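Subject: Structure for you to look at

Hi,

Here is the structure I promised to pass on. Please open it first, then read my notes below.

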Amino acid sequence: GRLVDRALAGGRLVEDLGPAHPTVLAALSVLQQVERDEEVAGYVDAGLASARARGAAGEVAFMLVLRARLALFRGDLREAEADARDSLRISEPATIDAGWRFALSALVSVLVERGALDEADARLAGTSEQTLLGPATTRWQILQARAALRRAQGRFAEAAQDGARADQER
């Protein structure tokens, strides 16, 4: 967390690279891992406002899904679902592949938590395996969400397989 504080330099990294830059996203993920959600939320809200002001759809999609994941981890499923759906709505038409996969994994995770297994399954089933898994940077998240779904469906062997693949990808 202290190293991330230095890297973020009070928001300078976000300003210099943009709120959806992979380095910024990695830094925010670290802060979230060390349970500093309020700070992450502040960066996400600032990044979202900046991205909206500039009309940067890709950045808006990423910030929304980050906010969705924060809400999911806090247990606020309604907010998490709304932000994940908004992110998907923005990223699908704009063909923002990484953002779309990030948002899809968040939405599937929320749906599993809500017990909406059929909808979660339909969301994943509507996409080819190659498109769904895409590049390595987002593959682990989809695999992790699908593992949670398979576990909730009682499909334990498939859940274990996806979970193991997610660990390898991460």
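Arginine 146 sits in helix α10; helices here are DSSP runs of H or I with at least four residues, strands are runs of E with at least two, and both are numbered from the N terminus. Arginine 146 is buried, at a relative accessible area of 8%. Buried means under 20% relative accessible area, exposed means over 50%, and partly exposed is in between, with a 1.4 Å probe and protein chains only. Setting aside neighbours within four places in sequence, arginine 146 contacts Leu124, Glu129, Leu132, Asp162 and Arg165. A contact is a pair of heavy atoms within 4.5 Å.

Some ground rules. The model is predicted, so local features need pLDDT of at least 70 and side-chain atom pairs count only at pLDDT 80 or more, while totals for chains, interfaces and linings use all residues. Residues are numbered from 1 along each chain as its sequence is written, and side-chain values use heavy atoms, with hydrogens and water left out.

Now the overall fold. The protein chain has eleven helices and zero strands. From the N terminus, the order is α-α-α-α-α-α-α-α-α-α-α. The C-alpha atoms fill a box of roughly 45 × 35 × 30 Å along the principal axes. The radius of gyration is 16 Å, which agrees with the value near 15 Å for a compact globule of 170 residues. That radius is taken over C-alpha atoms, and the globule rule is 2.2 Å times the number of residues to the power 0.38. Buried residues make up 47% of the 170. Of the contacts between residues at least 6 apart in sequence, 54% join residues at least 24 apart.

Next, α5. Helix α5 has 18 residues. From first C-alpha to last it reaches 26 Å, close to the 26 Å expected at 1.5 Å a residue; the expected span is 1.5 Å times one less than the number of residues. Of the 18 residues in α5, 13 are buried. Just after α5, glycine 75 takes a positive phi of about 90°.

α5 also helps to line a pocket. The second largest pocket holds about 260 Å³ of space. It is lined by 14 residues, and the closest to its centre are Leu72, Phe73, Ser109, Glu113 and Ala148. Helices α5 (57-74), α7 (97-114) and α10 (136-152) each give two or more residues to this lining. On a 1 Å grid over the protein atoms alone, a pocket is an open set of points with protein on both sides within 12 Å along at least five of seven lines, where a 1.4 Å probe fits; lining residues have an atom within 4 Å of a point. Points are joined across faces, edges and corners, and the volume is the space filled by probe spheres set on them. The lining has seven nonpolar, four polar and three charged residues. Asp, Glu, Lys and Arg count as charged; Ala, Val, Leu, Ile, Met, Phe, Trp, Tyr, Cys and Pro as nonpolar; the others, Gly among them, as polar.

Two more residues to check. Isoleucine 90 is in helix α6 (residues 77-91). It counts as buried at 18% relative accessibility. Beyond four places in sequence, isoleucine 90 touches Ala57, Val60, Ala61 and Leu64. Alanine 20 lies in the loop between α2 (12-17) and α3 (22-33). Alanine 20 is buried too, at 17%. Outside its neighbours within four places, alanine 20 contacts Leu25, Glu59, Phe62 and Met63. Isoleucine 90 and alanine 20 are 70 residues apart in sequence and 14 Å apart in space, C-alpha to C-alpha.

Best wishes
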